[in-house]
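Please look over the sequence and the structure shown here before reading on, and keep both in view as you follow the paragraphs below.

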Amino acid sequence: MTGTQSGDREAQVRAEVLARALPYLRRYAGDTVVVKYGGSAMVDTSLSTAFGHDIALLKQVGVNPVVVHGGGPQISAMLKRLQIESTFIDGLRVTDAAMIDVIEMVLGGKVNKQVAGLINRAGALAVGISGLDGGLISARRLQRRAREAGVETDRLLDLGFVGEPTRIDPRVIYALSGSGLIPVIAPIGAGEQGETYNINADTAAGAIAGAVNASRLLMLTDVPGVLDGDGKLIPELTAEDARRGIASGMISGGMIPKVETCLEAVRAGAKAAVILDGRVRHSCLLELFTEAGPGTLIRGS
């Protein structure tokens, strides 16, 4: 095959891909898509670069992406440098007054601007904010009950300044998106007395997706999605299917809080949520613009 023939074939393949994507581009035009960014997609240079380009492309084709990011490894690294010891309960970092200052600095500062920078370098305009800006995330102290021999007790655990959203005021998101900008949000919230709370990024993304009635909540993870008893990916679940899966034990371990976040987002107003394999390059585009994305979609019904 000559160079010209090879080039013609490549151009034809690209044109076919665009033609197949057109119905999906029309479907999501003008819609809001919330993306929770974390895991391997955040620490692998190749994946993070591809992520920045994907989010920029979404904005360029008429979708309004909103990014909510984590930053656990970066927080741990900074605490280690400062010789501040971390302890965890049920995967949540116990956070005292000194630690919340460090978390706010890392999440709302360094990490937030790095994520926005990925998108800006890809040609879009992203603005880094935190849940403290514009009253975006109001929060309260998260309460968890202690477990003994696997059974929940009445004793409450003191997690310090670990919070959960009580209210989302999306006006700052609408203002940024309506001005052609992409909000990049650090999951920090404000309590009634002005105290700062560290919020799990999955939880924050789910609450925001519900508040803005997102067409999709895309949760980038380090797993393929929800697996059945044979270890095979389940492409789609209704909310009732997901609840049955948790009750039966098919959905277990660390997948339970992710599925529960998706269920809460759908209950609160998002049209659907997807637990997506962030280790797959361009996973966001594959999910939105092809027939079968690399993850599990959860619908309200």
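What follows is a walk through a pair of helices, two residues within regular elements and two residues in loops.

The model is a predicted one, and the walk begins with a pair of helices. Two packed helices are described by the angle between their axes and by the distance between those axes. Here helix α8, which covers residues 239-248, packs against helix α9, residues 255-268, at an angle of about 155°, and their axes are 11 Å apart. Because angles over 145 degrees count as roughly antiparallel, α8 is roughly antiparallel to α9. The crossing of these two helices, α8 and α9, is left-handed. On the side of α8 the contact is made by Ala239, Ala242, Arg243 and Ile246, while α9 contributes Ile256, Val259, Glu260 and Leu263. Sorted by character, the residues of this contact between α8 and α9 comprise 6 nonpolar and 2 charged ones, with no polar residue among them.

From here we can turn to single residues, starting with Leu79, which is found in helix α4, the stretch of residues 72-81. Is Leu79 buried or exposed? Its relative accessibility is 0%, and since buried means under 20%, Leu79 counts as buried. Leaving aside residues up to four places away in sequence, Leu79 touches Ile84, Ser86, Arg93, Met99 and Val102. The C-alpha atom of Leu79 is also separated by 8.7 Å from that of Ile103, although these two residues are 24 apart along the chain.

The next residue, Lys36, has its place in strand β1, which spans residues 32-37. With a relative accessible area of 10%, Lys36 is buried. Which residues does Lys36 touch, not counting those up to four places away in sequence? They are Val68, Ala201, Asp202, Ala205, Leu218, Met219 and Leu220.

The last part of the walk concerns the backbone angle phi in two loops. Most residues other than glycine have a negative phi. Asn213 is not a glycine, yet its phi is positive, at about 50°. Asn213 lies in the loop between α7 (201-211) and β13 (216-221), and its relative accessible area of 46% makes Asn213 partly exposed. His282, likewise a residue other than glycine, has a positive phi near 60°. The loop that holds His282 runs between β15 (272-277) and α10 (283-289), and at 31% relative accessibility His282 counts as partly exposed.

Methods
Residues numbered from 1 in each chain as written. Predicted model: local features only at pLDDT ≥ 70, side-chain atom pairs only at ≥ 80, totals over all residues. Heavy atoms only, no water. Axes fitted to C-alpha atoms, helices over the stretch in contact; angles between N-to-C directions. Helix = DSSP H or I, 4+ residues; strand = E, 2+ residues; numbered from the N terminus. Parallel < 35°, antiparallel > 145°, perpendicular 65-115°, else oblique. Left-handed = near helix turned anticlockwise from the far one by under 90°. Contact = heavy atoms within 4.5 Å. Nonpolar A, V, L, I, M, F, W, Y, C, P; charged D, E, K, R; others polar. Buried < 20%, exposed > 50% of the residue type's maximum accessible area, 1.4 Å probe, protein only.
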